[in-house]
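Work through the exercises below with the sequence and the model side by side, and try each task before reading its solution.

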Amino acid sequence: MAGVLLWVVCPKGNATALLSLIPRSGKHKRCRVHQKVKFSTGVSAISSAVANPARSSEEKVYDVVLKQAALVKEQRGKKPLDLGTSTETDGFTDWDLLNEAYDRCGEVCAEYAKTFYLGTLLMTPERRRAVWAIYVWCRRTDELVDGPNASHITPRALDRWEKRLDDLFEGRPYDMLDAALSDTVSKYPVDIQPFKDMIEGMRLDLRKSRYMNFDELYLYCYYVAGTVGLMSVPVMGIAPESKASVESVYNAALALGIANQLTNILRDVGEDARRGRIYLPQDELARFGLSDDDIFRGQVTDKWRNFMKDQIKRARMFFDEAEKGVSELNAASRWPVWASLLLYRQILDAIEENDYNNFSKRAYVGKVKKFASLPVAYGRALMGTSKLF
Ligand SMILES: CC(C)=CCC/C(C)=C/CC/C(C)=C/CC/C(C)=C/[C@@H]1[C@@H](COP(=O)(O)OP(=O)(O)O)[C@]1(C)CC/C=C(\C)CC/C=C(\C)CCC=C(C)C
Ligand SMILES: [Mn+2]
């Protein structure tokens with residue numbers, strides 16, 4: 001896109017960084033690798049992660065899942081959401097400006113994620129624009145560490161971005177794109193925690209370039225991608241006829257974020273290595289007789305193929321876990337989710353088709369396959385809620 005320029009206005013007006021949402025090139029990767037998906041295991045009431053550092057990342061993240069699910073349940077017990085339409089006037093909101101802000105979010109979304117944008121067009125107008133607003137905030141947050149100004153981003157800049165997030169959640173947006181999100185979070189039971197956690201993921205990217213094991217990687221993937229699932233469910237909505245527990249739907253949403261990020265990491269091994277980053281778990285590399293040097297050398301050996309097979313298997317398990325939840329979403333929200341799931345999942349097939357050369361060959365899903373997936377996604381979206389899990 002020729003350049004959607006977004007201003008990151010720092011509080012106190014002492015610093016203003018231009019955040020340019022331009023190319024999707026040369027960026028970091030994020031993701032993780034593991035043993036067995038065990039989301040649905042009931043995790044007992046958990047105290048603070050700091051008080052008990054022995055808890056696994058999955059347990060810590062599950063706390064957040066429970067909290068998000070509780071919020072949605074609370075909302076379900078209340079009267080239906082008042083999604084004031086843009087034609088109302090209440091004397092306080094400038095509806096024209098707000099509509100313009102949402103339209104702008106839609107434009108950014110269309111520019112960066114065309115297929116996903118098309119999918120959102122099937123959603124109700126209120127939900128669609130709320131998803132756009134969340135998308136734009138996520139994209140801007142990622143651009144802070146991956147965009148053209150990434151080299152100027154410091155932990156303090158991320159602190160300012162977080163302060164700005166607090167403000168927008170309290171109804172004090174800094175610019176029009178924030179205003180759209182501010183409006184969204186006032187209408188849907190969206191909690192601030194996943195947003196803060198995504199910023200935490202960006203902090204991690206500033207200070208960490210190796211992951212010792214899957215537990216560390218899992219936490220990173222939750223921060224940068226699992227959070228997206230948790231942010232999205234309250235807006236996409238759970239089907240009123242769904243018999244699934246709210247927690248299980250949130251677990252599926254979390255799994256989709258994790259699966260996507262794992263896939264991202266596997267696709268971008270070479271690109272990340274050229275930036276000095278290795279997201280693959282060090283202990284698993286060692287188990288396959290591989291080291292950082294093998295990654296930097298970028299030779300596709302049998303050791304590498306075997307390692308990759310294992311990683312791909314795990315990513316697919318997360319996709320499988322995610323699939324269980326899609327049908328539980330509101331009917332109109334299912335199509336974009338199925339579309340994104342099927343498309344992302346195929347990147348794993350593409351890595352296999354490239355004979356696991358993810359050092360110098362980018363795995364991608366061609367246009368034909370992409371378009372063929374859309375009716376499949378649509379067909380799946382039409383199938384009603386089914387699974388009690
Ligand atoms: C029950 C059920 C399954 C519900 C569905 C829940 C749901 C909608 C989950 C969405 C999961 C999703 C799309 C996660 C995003 C994962 C992702 C790709 C994260 C990327 C992070 C950084 O990665 P990196 O820098 O390594 O990669 P790039 O090269 O930069 O791509 C992100 C870029 C973080 C920022 C995330 C976004 C911009 C996406 C935000 C998307 C939405 C808010 C809409 C999600 C909705 C749908 C339908 C996909
Ligand atoms: Mn990125």
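The exercises go from the whole protein to a ligand shell, a helix pair and single residues.

This is a predicted model, in which local features need pLDDT of at least 70 and side-chain atom pairs count only at pLDDT 80 or more, while totals for chains, interfaces and linings use all residues. Residues are numbered from 1 along each chain as its sequence is written, and chains are lettered from A and ligands numbered from 1 in the order in which they are written.

**Exercise 1. The whole protein**

Task: State how many helices and strands the protein has, and what percentage of its residues is buried.

Solution: Begin with the secondary structure, where helices (H or I, at least four residues) and strands (E, at least two) are DSSP runs numbered from the N terminus; the protein has 15 helices and 4 strands. Next, take burial, for which a residue is buried if 20 or more other C-beta atoms, placed from the backbone, lie within 10 Å of its own, exposed if 12 or fewer, and partly exposed in between; of the 389 residues, 44% are buried. Finally, count contacts, meaning pairs whose C-beta atoms, placed from the backbone, lie within 7 Å: among those with a separation of 6 or more, 76% join residues 24 or more positions apart.

**Exercise 2. The shell around ligand 1**

Task: Determine which helix gives the largest share of the shell around ligand 1, and describe how that helix is covered.

Solution: A residue belongs to the surroundings if its C-beta atom, placed from the backbone, lies within 6 Å of the molecule, and 33 residues surround ligand 1, the closest being Ala-225, Val-228, Ser-232, Ala-253 and Gly-325. At least two shell residues each come from helix 4 (125-146), helix 8 (214-236), helix 9 (246-267), helix 13 (302-326) and helix 14 (331-353), and helix 9 provides the largest share, with 8 residues. Sorting the shell by class (Ala, Val, Leu, Ile, Met, Phe, Trp, Tyr, Cys and Pro as nonpolar, Asp, Glu, Lys and Arg as charged, and the others, Gly among them, as polar) gives 18 nonpolar, 9 polar and 6 charged residues. Of the 22 residues of helix 9, 21 are buried, so that this helix is mostly covered. Its end C-alpha atoms lie 32 Å apart, in agreement with the 32 Å that 22 residues should span at 1.5 Å a residue, where the expected span is 1.5 Å times one less than the number of residues.

**Exercise 3. Helix 2 against helix 4**

Task: Describe how helix 2 and helix 4 cross, and which residues make the contact.

Solution: Two packed helices are described by the angle between their axes and the distance between the axes. Here the axes are lines fitted to C-alpha atoms over the stretch in contact, with angles running from 0 to 180 degrees between N-to-C directions; those of helix 2 (residues 95-112) and helix 4 come within 8 Å and cross at roughly 65°. The crossing is left-handed, that is, the near helix is turned anticlockwise from the far one by less than a right angle. Helix 2 contributes Tyr-102, Cys-105, Gly-106, Val-108, Cys-109 and Tyr-112, and helix 4 contributes Arg-129, Trp-132, Ala-133, Tyr-135, Val-136 and Arg-139. By class, these contact residues divide into 9 nonpolar, 1 polar and 2 charged. The buried residues of helix 2 include Tyr-102, Cys-105, Gly-106, Val-108 and Cys-109.

**Exercise 4. Two residues in one loop**

Task: For Asp-355 and Tyr-356, decide whether each is buried or exposed.

Solution: Asp-355 is found in the loop between helix 14 and helix 15, as is Tyr-356. Asp-355 counts as exposed because it has 11 C-beta neighbours inside 10 Å, whereas Tyr-356 is buried, with 23 other C-beta atoms within 10 Å. For the backbone, most residues other than glycine have a negative phi. Phi of Asp-355, however, is near 55°, and phi of Tyr-356 is near 65°.

**Exercise 5. A residue of helix 15**

Task: Find which residues Ser-373 touches, not counting residues up to four places away in sequence.

Solution: Ser-373 is placed in helix 15 (residues 367-382) and counts as buried because it has 20 C-beta neighbours inside 10 Å. With the sequence neighbours set aside, Ser-373 touches Ala-339, Leu-342 and Leu-343. Ala-339 is 34 residues from Ser-373 in sequence, yet their C-alpha atoms are 6.8 Å apart.

Conventions: Contact = placed C-beta atoms within 7 Å.
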